[in-house]
Amino acid sequence: MENYQEYELFEMFNKIKRKYGEQKVLDLYEDKILKLKNAKLSYIISVVCKKAKVKKHEKIILECKNPEYSYKFVSNIEGADIKAHEEVIFNSENLNFIYLFVLHIKGADVKKAEEIILNSNSAEYCTLFALNIEGVDVGELEQVVLERKIACYCYMFAKGVENADIKAHEQIVIESKNPEYCYLFAKDIEDADIEALQEVVIRSKNPKYCYLFALNVKGADIERLRKIVMKKDKGYKELFIENIDNKSEKIKEEELKQESASDSIKRLNKMLKR
């Protein structure tokens, strides 16, 4: 049965259960599954059949030391031994299931999990912990993210974590020379250095991010960004004209409509003096 996907096994067991009842599934398969000592099958039959020998299946899952099925078992089976499954998951050092366990399981040892995450030096999971797990040391997690110097996680940390060191993350994003995250940082982070981030985008000569920067970032240098787009890509050139140039003209038209007669006189006089 190892060749079957989990969803396929669930579907087969549930079809038999719907047709013949839960007891038929147990009579046909439970003893065989217990003999196989397979974590996936023990988990599935425990979920499908409420009268399954849950403790025996749990023992098999714990003995298999499979972090995925320990996490799934404790998430879906009432009365599961949380601490025993936690030990399996933490000892596995599988960062994904450690994170999911702490995020979703009440009573999880957050400090122990945080220590594993910090020791892993994973910018991704340090960011996820800081964003989503209560009671963690945000400063220590941030230090790992800054040391790893990965633009996407610096952007995520600066955007989502309260009291993040915005300037430190921004410097890494700028130094990365990544136009996507320079654009996103300028768009989404308050007090970002628009000029410095824009310079990276312009130097990249990437028409997509030059267009997006001009479209969505307040204070963008439209003329400099337009020059890149007009030279590089017909598709973004058309978008630029439609969504930025034409929009600017419509704004000017609307402003002119709202202008008073005296303001018009002043502007005309100023223009004719040139």
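Asp31 is partly exposed, at 45% relative accessibility, where partly exposed lies between buried (under 20% relative accessible area) and exposed (over 50%), for a 1.4 Å probe and protein chains only. The model is a predicted one, in which local features need pLDDT of at least 70 and side-chain atom pairs count only at pLDDT 80 or more, while totals for chains, interfaces and linings use all residues. Residues are numbered from 1 along each chain as its sequence is written, and side-chain values use heavy atoms, with hydrogens and water left out.

The side chain of Asp31 meets that of Lys53 in a salt bridge, with an N to O distance of 3.7 Å. This pair links distant parts of the chain, 22 residues apart: Asp31 lies in helix α2, and Lys53 in the loop between α3 and α4. A salt bridge is a side-chain nitrogen of Lys or Arg within 4 Å of a carboxyl oxygen of Asp or Glu. Helices (H or I, at least four residues) and strands (E, at least two) are DSSP runs, numbered from the N terminus. Like its partner, Lys53 counts as partly exposed because its relative accessibility is 36%.

Helix α2 itself covers residues 22-36, and its end C-alpha atoms are 20 Å apart. The 15 residues should span 21 Å at 1.5 Å a residue, so the two values agree; the expected span is 1.5 Å times one less than the number of residues. A bend of about 45° occurs in α2 at Tyr29, taken as the angle between axes fitted to the seven residues ending there and the seven starting there. Glu22, Val25, Leu26, Glu30, Ile33 and Leu34 are the buried residues of α2. The cover over these residues includes α1 (6-20), α3 (39-48) and α4, with contact meaning heavy atoms within 4.5 Å. After α2 comes Lys37, which has a positive phi, near 55°.

Helix α4 (residues 54-64) contains Lys56. Lys56 counts as partly exposed because its relative accessibility is 49%. Its C-alpha atom is separated by 9.8 Å from that of Ser46, which is 10 residues apart from Lys56 along the chain.

In the whole structure, 14 salt bridges are found. One of the pairs is formed by the side chains of Lys111 and Glu114, at 3.3 Å from N to O. Both residues lie in helix α8 (residues 110-120), three residues apart, about one turn of the helix. Lys111 is partly exposed, with a relative accessible area of 49%, whereas Glu114 counts as buried because its relative accessibility is 4%.

Arg226 forms a salt bridge with Glu223, and the closest N and O atoms of this pair are 2.5 Å apart. Arg226 and Glu223 both belong to helix α16 (residues 222-232), where they are three residues apart, about one turn of the helix. Arg226 counts as buried at 18% relative accessibility, and Glu223 is partly exposed, with a relative accessible area of 47%. Elsewhere, Glu6, Glu68 and Lys72 are joined into one network by salt bridges that share partners.

Arg226 is also among the residues touched by Phe240. Phe240 is found in helix α17 (residues 234-258) and counts as buried because its relative accessible area is 0%. Not counting residues up to four places away in sequence, Phe240 touches Tyr211, Ala214, Ile222, Leu225, Arg226, Val229, Met230 and Asp245. The C-alpha atoms of Phe240 and Leu215 are separated by 8.0 Å, the two residues being 25 apart along the chain.

Glu170, in helix α12 (residues 166-176), is buried, with a relative accessible area of 4%. Its side chain is joined to that of Lys167 by a polar contact of 3.1 Å. A polar contact is a pair of N or O atoms within 3.5 Å; within protein, one must be able to donate a hydrogen and the other to accept it, and residues adjacent in sequence count only if both atoms are side-chain atoms. Apart from neighbours within four places in sequence, Glu170 is in contact with Phe185, Ala192, Asp193 and Leu197.

Overall, the protein has 18 helices and zero strands. Its radius of gyration is 29 Å, against a value near 19 Å for a compact globule of 274 residues; the radius is taken over C-alpha atoms, and the globule rule is 2.2 Å times the number of residues to the power 0.38. The C-alpha trace spans about 100 × 45 × 35 Å along its principal axes. Of the 274 residues, 42% are buried.
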